[in-house]
2 protein chains.
Amino acid sequence: MDHSEAVRFLGLLLAILASARMVGYLAQRIGQPAVLGELVAGVLLGMSVLGLVDAHDKVLYFLAELGVVILLFEIGLETDLRKLLHVGGAAAVVAAVGVVLPFVLGYAVCIYLDWGNLVAVVVGASLTATSVGITARVLSDLGRLQDRESQVILGAAVLDDVLGLIILSIVAGLAAGQEVTPLLVAGTTAKAFGFLLGAVVLGTLLVVPLARWKPLGGLAGTTTTMLAVMFALGFAWLASLAGSAAIIGAFAAGLVLAKVPQTHQIQQGVSYLAGFFVPLFFVLVGAAVDVRVFDPTNPANRQTLLAAGLLIVAAVIGKFAAGYAPFRFHGRKSIIGAGMIPRGEVGLIFAQMGLSAAVFDAATFSAVTAMVMVTTFIAPPLLKFLMARNGRNAQSPSGLDQRQTPSETTAPGTE
Amino acid sequence: MDHSEAVRFLGLLLAILASARMVGYLAQRIGQPAVLGELVAGVLLGMSVLGLVDAHDKVLYFLAELGVVILLFEIGLETDLRKLLHVGGAAAVVAAVGVVLPFVLGYAVCIYLDWGNLVAVVVGASLTATSVGITARVLSDLGRLQDRESQVILGAAVLDDVLGLIILSIVAGLAAGQEVTPLLVAGTTAKAFGFLLGAVVLGTLLVVPLARWKPLGGLAGTTTTMLAVMFALGFAWLASLAGSAAIIGAFAAGLVLAKVPQTHQIQQGVSYLAGFFVPLFFVLVGAAVDVRVFDPTNPANRQTLLAAGLLIVAAVIGKFAAGYAPFRFHGRKSIIGAGMIPRGEVGLIFAQMGLSAAVFDAATFSAVTAMVMVTTFIAPPLLKFLMARNGRNAQSPSGLDQRQTPSETTAPGTE
C-alpha cells in the first residue's frame, strides 16, 4: 500500500462511518433500529449505486470481520449463561425446526421450478441460515436483549450458526462431487458443538478464578479492556481453526467474561471499540446488495424475481413457523419467529459457495441473493413492530447498551 | 479476501497485540517506556527474525496508519494551544536549527565518504526528519506531556513534520531530475503551513460554538466519541489531500476539540481506541527493521556499518544541539534535544524514496535505515534517563493518560 492508497482508504472509512451514523440516525427518527439505516447506507455506498464501497475489498472485509467479532463478544458479555441454558430446550427446538422447515420448503420451491436436485439442496441449505449478528444487533438497538424471547432467539441463532457451518461443509462436499459419509457428518458436528462447549467450560474454569486475582483488579480500564479483547480475538481465532466460526468463539469469550468482577469495566471499554467497528460490518453487508436484480423493467429479471418471491415466502414461513415450535415455552412466539428470519451474511456465504462451485447460474444466484436481502431488511422493522405491541414485558436497557440509551429512545430529536 | 485469509489476519492481529502488550510490559518493568517494548516486539515479529509480520502488508499498514492518526489526535486533545503558542518561538527555533544542522552534517558525512552530491542531498534530507509519533508517545508514557520542555518538543516536532513534507517534495523532485524553482518551494511551504493554521482557526470558530449547542451535550459517550473520531479522520483526510500529512490533520483536530465542553468524555473514549490501534503502528515501525544489516560477521556489512556510525553521530549531534538553540528558553535543553532525535517512520519514508528513485544503492539504503533505527531506539531510554534527573519539575500525569496511571508507575509489579 502506498501513500495515495492509504489516503483513499482514510476517505473511504470516513464515508462509511459518517453515512452509517447519518442513515442510522434517520432510521431511528422514523422509529426503526439503527442497524436498518446502516444496511441502507451500505446499499447506497455499494457498487450498484454510488460505487464507492466494494464488499470484497481486502482491508474493508477484515475491518468488517473484526466488527462482527466484537459485536458477538459484546452480546456474549451481556448474556447470562444460566438464563440462556434455562431457555436452552426451547432454543434447541426453534433451531432444529428452523433448519429443517426452511430447507424442505426451499427444496420444494426449486423442484417446482424444475431446477434439479443438487441446485435444490444448495438453495435449501442457504435458507437454513440465521444471521445472529443482525438479530442480536436489532435486539440490542431496541434495548430488549434481556427479554425471555430474546434469549430464545439468541440461543437458537447461535445453534443455527453452528448447524449452518455443519450444513455448509456437507453441502460444499456435495457441490464438489464428493461422497458425504455419516462419519464425516458426525465428525463435523462433534467438532462444531465441541468447541462451543469446551471453550465455555474451560474458559470459565480457568479465567474466572484468574480474574479474581488481586493485582488484576487494579489495572487501568484500557488495560483490562485490551486484555479482554485479546481473549475474545484468541477464542475467535481458535474457533476458526477448530472448524467452527470466529463469531461463535467471540460469543463464547463474552459468555465467560460475563462472570468476572471486571465485566462492567470491560463492557464499557468494548462499547467504544464496537462504536467504531460494528457499523463497518453492517455497511459491508449492505454493500454486497446488487439493486439491479430488483429492476422489473429488465425482462431478464422477471423469472428471477418470481423465483426470488417464492424463496422469500418459503424463507419467511419456515423460520416464522419455527418460532411456534416450542409448545411449552410461554411467551410471544411471533417475536421468536421474526427474530430468526434474517439470513444476512451467512446466507450470502451459501450463495457465494453455490456460485463458485458452479452449482448456481447467475439467475439462481440472484434469486438466492434477493431472498437473503429481503429477509435481512424486513426483520428489523418486523421485530420492532412486534415488540412495540409487546411493550408490557419490556425491561430497561442495561447500562452497557450505550448505542441507544433511554434518553435517545424517548427523545430521538435531541441527538 | 477469503475465509482462510481472514483467519490468518485474525491470528496475526492477536500476535501483534499480545506481543506488544507483553514486551511493552517487560520494558516498563525495567524502567523503560512501553513504546520501546512495542518497537522491539515489532522487530521480533518482523521479516528478518520470526517472519510473521510484513510491514508492507496492505491490511496491517492501514491499521497502523489509523494507529498513528489516533495517537496524534489523542496528543492534540491533551495539548493546550495557548501553552503551545507560548513556547512557539522556542519551538520554531528548535525546528529550524534541527532541520538545518542535521542536513549540513549528513551532507558533509556523505561528501567525506565520496557518495556524490545528489546522494548527499537525499541522505541529508533524511536526517532532518523527527518522528512526532515516537516522541509524543514517550512523553505520554512518562506522564510528562504537560512539562514546558515537552511542549517545546511537541511544537518543534510538529513543525518538523511540516518542514519534512516540504523537503520531501523538493528532494523527490530533485531525485526525479526535475527543476526545483523558488516558486514551487514557496507554494509547497504555503500549502503545508496554511493547512495547519486554517484547520485550527476555522475548526475553532465553527466547532467550539457548535459543541456548546445543548442537544449535543446529552449524547451518549460512545456517540460523542465517534463524532469526534470522524472529525479527526476528516481532518486527517483533508490534510492528506491538501498535500500536508494525515497526522498533522489529526493533531489539529485534537487541538480544536481540546477546547469543547466534551473534551474529557472524548479523551476517555479515544483512549480505548488508542489502546487497540496505537501499538499496531509501533509494531509495524519495528517490523520494518532488517536486523541482518547489523551483522558485523558479514564483511559486506562493514562499510555500511561505518557509514551508518558516522550518520548516527551526525543525526544525534544535529538534533541534540538544536535543543540548545533557543537561548532565551529557561528549562532543561538537553531534554528538548533528546526529544528531537528519533527519526522513526518519517526517516524510513525518506530512505524508501531514495531507494525507489534509484538515488540510493542497497548499501546506502541500509546505512540510512540503520541511522533511523538507532535514533529511534535510543530516544526512549535517553528521554527517560534525562527526565528522571529532572524529577523536581514533574507534573502528575493527566487523567487521560491511562496507558500509565500513577499506580502503574510506582508499582509496575502489580500489573
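**Exercise 1. How much of chain A is buried?**

What percentage of the 415 residues in chain A do buried residues make up?

Solution. The model is predicted, so that local features need pLDDT of at least 70 and side-chain atom pairs count only at pLDDT 80 or more, while totals for chains, interfaces and linings use all residues. Residues are numbered from 1 along each chain as its sequence is written, chains are lettered from A and ligands numbered from 1 in the order in which they are written, and side-chain values use heavy atoms, with hydrogens and water left out. A residue is called buried when its relative accessible area is under 20%, exposed when it is over 50%, and partly exposed in between, with a 1.4 Å probe and protein chains only. By this rule, buried residues make up 60% of the 415 residues in chain A.

**Exercise 2. Describe the overall build of chain A.**

State how many helices and strands there are in chain A, and how its radius of gyration stands beside the globule rule.

Solution. Begin with the secondary structure, where helices (H or I, at least four residues) and strands (E, at least two) are DSSP runs numbered from the N terminus. Chain A has 18 helices and zero strands. Its radius of gyration is 21 Å, close to the 22 Å that the globule rule gives for 415 residues, so chain A is as compact as a globular protein of that length. Here the radius is taken over C-alpha atoms, and the rule is 2.2 Å times the number of residues to the power 0.38. Along the principal axes, the C-alpha atoms fill a box of roughly 65 × 50 × 50 Å. Turn next to contacts, meaning heavy atoms within 4.5 Å: of those in chain A with a separation of 6 or more, 81% are accounted for by residues 24 or more positions apart.

**Exercise 3. Examine helix H7 of chain A.**

How many of the ten residues of helix H7 (residues 132–141) of chain A are buried?

Solution. Ten of the ten residues are buried, so H7 of chain A is largely enclosed by the rest of the structure. Among the buried residues are Arg137(A) and Asp141(A), together with Val132(A), Ile134(A) and Leu139(A). Just after H7(A), Gly143(A) takes a positive phi of about 70°.

**Exercise 4. Place two residues of chain A in their surroundings.**

For Thr375(A) and Gln265(A), find the helix, the degree of exposure and the residues touched.

Solution. Thr375(A) lies in helix H17 (residues 362–388) of chain A and is buried, with a relative accessible area of 0%. When residues up to four places away in sequence are not counted, Thr375(A) touches Ala315(A), Val316(A), Ile341(A), Pro342(A) and Arg343(A). With Arg343(A) there is also an approach by the side chain of Thr375(A), which reaches the backbone nitrogen of Arg343(A) at 3.5 Å.

Gln265(A) lies in helix H13 (residues 263–287) of chain A, and at 28% relative accessibility it counts as partly exposed. With the residues up to four places away again not counted, Gln265(A) touches Leu219(A), Ala220(A), Gly221(A), Thr224(A) and Thr225(A). By contrast, the C-alpha atoms of Gln265(A) and Ala307(A), 42 residues apart along the chain, are separated by 49 Å.

**Exercise 5. Look at Asp114 in chains A and B.**

Where is Asp114(A) found, and is it buried or exposed?

Solution. Asp114(A) is found in the loop between helix H5 (88–112) and helix H6 (117–128) of chain A, and at 68% relative accessibility it counts as exposed. Most residues other than glycine have a negative phi. Asp114(A), although not a glycine, has a positive phi of about 65°.

For chain B, Asp114(B) is in the loop between helix H5 (88–112) and helix H6 (117–127). Asp114(B) is exposed, with a relative accessible area of 69%, and has a positive phi of about 65°.

**Exercise 6. Follow a buried residue of chain B.**

Which residues is Val152(B) in contact with, leaving aside its neighbours within four places in sequence?

Solution. Val152(B) is found in helix H8 (residues 148–175) of chain B and is buried, with a relative accessible area of 0%. Its contacts, those neighbours aside, are Val87(B), Ala90(B), Ala91(B), Val94(B), Phe329(B) and Ile336(B). Val152(B) and Val94(B) are 58 residues apart in sequence, and their C-alpha atoms are 8.1 Å apart in space.

Notes:
Polar contact = N/O pair within 3.5 Å; in protein donor to acceptor, adjacent residues only side chain to side chain.
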